[in-house]
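The following exercises ask the reader to locate residues, follow strands and describe how parts of a protein meet. Each task is followed by a solution in steps.

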Amino acid sequence: MNTDALYPPIEPYDSGMLIVGDGQRIAWEVSGNPDGKPVVFLHGGPGGGTAPWHRRFFDPERYRIVLFDQRGCGRSVPHASSPDADLRFNTTAHLIADIELLRKNLGIAQWQVFGGSWGSALALAYAQAHPDSVSELVLRGIFTLRREELEWFYEGGAAALFPDLWEDFVAQIPILERNRMIEAYHRRLFDSDPAVHVPAARAWSKWEGSTVTLRPDEETVQRMTEDATAVAFARIENHYFVNNGWWTQGQLIAGVDAIRHIPAVIVQGRYDVCTPMMTAWDLHRAWPQAEFVVVDDAGHSASEPGIQQALRRATDAFAG
Ligand SMILES: CNCC(=O)c1nnc(C(C)(C)C)o1
């Protein structure tokens, strides 16, 4: 992955596990300047977890950079890949409450919220629920879990662009069940037998990992298809999708009035196959006050050079 556009690697100066209730603990860390502008990074998936390079979108001299792994993934426990995984207490409302609890425990009054893909959906939902907690929004690869978005990526739309990879994705599912892939995968991802849920999780994660970048990125695919990572990622994503994020259709775009006043930048790859530009465009049309940046030579991932340049430009500008 090319990270030339980003700030140099840094290490956290503080970290821990926050008890959020329901038997859950979330892993958090802080890096950069303890007196800097607070920012919280909301990772994708859901279930994707954070990585050290996520710190590098922010100037460490000017930002107090907070990363955390959402419930059930990364270093948060219990991990969604565990045999007794129970996702009843893993919903959008739980994650929004966790973000506020983390903010208060870190003594932060307001913070910039930076989120891509699922992270953009969670950022929109969090900001609409707690607008006074948000100083700015930086959003990438806009995803709001509307049916047309889910059907595009998981029910055959994107198959037109990746017919070869789509064959591998559907191979896990008997032909008579292929008209409702998300539900068919749900039955297998939550089957107690690892011989059933692990191959399904690897196929689910391979489909996404193989299509989030404009050019093939074997490193991303390898990381995403490691068994425990794949099972947690696939289970959490599928759980949120069968529940449409617990939102009504279009709710996040319809709710823009609550956040229209918040300074914001929307960054979207023109050739984003995972969360195609139709949603970013709908958000832009509803929220013209937010700066809208289309990166014409990029796909979905924040690892794309043009996406990284646009995101760093946004965080530098907000740092003043
Ligand atoms: C449908 N999932 C979109 C999303 O949030 C996402 N896309 N790529 C990722 C990873 C970077 C975690 C692979 O997350």
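**Exercise 1.** Determine where Trp 246 lies and whether it is buried, partly exposed or exposed.

*Solution.*
Step 1. In this predicted model, Trp 246 belongs to the loop that runs between helix H8 (227-242) and helix H9 (251-254).
Step 2. The relative accessible area of Trp 246 is 35%. Buried requires under 20% and exposed requires over 50%, so Trp 246 is partly exposed.
Step 3. The backbone of Trp 246 deserves a remark: its phi is positive, about 65°, although the residue is not a glycine. Most residues other than glycine have a negative phi.

**Exercise 2.** Carry out the analysis for Ser 117: state its phi, its place and its class of accessibility.

*Solution.*
Step 1. Ser 117 is a residue other than glycine, and its phi is positive, near 60°.
Step 2. The residue sits in the loop between E5 and helix H2 (118-129).
Step 3. The relative accessibility of Ser 117 is 6%. The limit for a buried residue is under 20%, and therefore Ser 117 counts as buried.

**Exercise 3.** Which peptide bonds leading to Pro 46 and Pro 78 are cis, and in which loops do these prolines lie?

*Solution.*
Step 1. The bond from Gly 45 to Pro 46 is cis, and its omega is near 0°. Pro 46 is placed in the loop between E3 and E4.
Step 2. The bond from Val 77 to Pro 78 is also cis, with omega near -5°. Pro 78 is part of the loop between E4 and H1.
Step 3. For context, most peptide bonds are trans.

**Exercise 4.** Describe the surroundings of Gly 48 and of Ala 85.

*Solution.*
Step 1. Gly 48 lies in the loop between E3 and E4. With a relative accessibility of 34%, Gly 48 counts as partly exposed.
Step 2. Not counting residues up to four places away in sequence, Gly 48 touches His 43, Cys 73 and Phe 233. Gly 107 is 59 residues away from Gly 48 in sequence, and their C-alpha atoms are 26 Å apart.
Step 3. Ala 85 is located in the loop between strand E4 (63-68) and helix H1 (92-105). Its relative accessibility of 29% makes Ala 85 partly exposed.
Step 4. Leaving aside neighbours within four places in sequence, Ala 85 is in contact with His 79, Ala 80 and Arg 235. Ala 85 and Val 267 are separated by 182 residues in sequence and by 34 Å from C-alpha to C-alpha.

**Exercise 5.** In what order do the strands of the open sheet follow one another, and which helices lie across them?

*Solution.*
Step 1. The open sheet has 8 strands in the order E1-E2-E4-E3-E5-E6-E7-E8, and the pairing is mixed. At its edges are strand E1 (14-21) and strand E8 (291-295), each of which pairs on one side only. From one strand to the next, the twist averages 20°.
Step 2. Strand E6 (residues 134-140) and strand E7 (residues 264-269) serve as an example of a parallel pair, joined over 4 bridges. Val 138 has Val 265 in E7 as its bridge partner.
Step 3. H1 lies across E1, strand E2 (24-32), strand E3 (37-42), E4 and strand E5 (111-116), at about 130° to E1.
Step 4. Helix H11 (residues 305-319) lies across E3, E4, E5, E6, E7 and E8, at about 175° to E7.

**Exercise 6.** Characterise the interface between domain 1 and domain 2.

*Solution.*
Step 1. The domain assignment gives domain 1 (14-146 + 246-318) and domain 2 (148-243). Their centres, taken over C-alpha atoms, are 22 Å apart. To the contact, domain 1 contributes 38 residues and domain 2 contributes 26 residues.
Step 2. About 2,600 Å² is buried between the domains, and carbon and sulfur atoms give 64% of this area. Of the area that domain 1 buries against domain 2, Arg 146, Trp 246 and Val 273 supply 24%, more than any other three residues.
Step 3. The rule finds 2 salt bridges across this interface.
Step 4. For Arg 146, a further detail can be given: its side chain meets that of Glu 148 in a salt bridge, at 3.7 Å from N to O.

Note on methods:
Residues numbered from 1 in each chain as written. Predicted model: local features only at pLDDT ≥ 70, side-chain atom pairs only at ≥ 80, totals over all residues. Heavy atoms only, no water. Helix = DSSP H or I, 4+ residues; strand = E, 2+ residues; numbered from the N terminus. Buried < 20%, exposed > 50% of the residue type's maximum accessible area, 1.4 Å probe, protein only. Contact = heavy atoms within 4.5 Å. Pairing = 2+ DSSP bridges. Axes fitted to C-alpha atoms, helices over the stretch in contact; angles between N-to-C directions. Domains from an automatic or database assignment. Buried area = accessible area lost by both parts, 1.4 Å probe. Salt bridge = Lys/Arg side-chain N within 4 Å of Asp/Glu carboxyl O.
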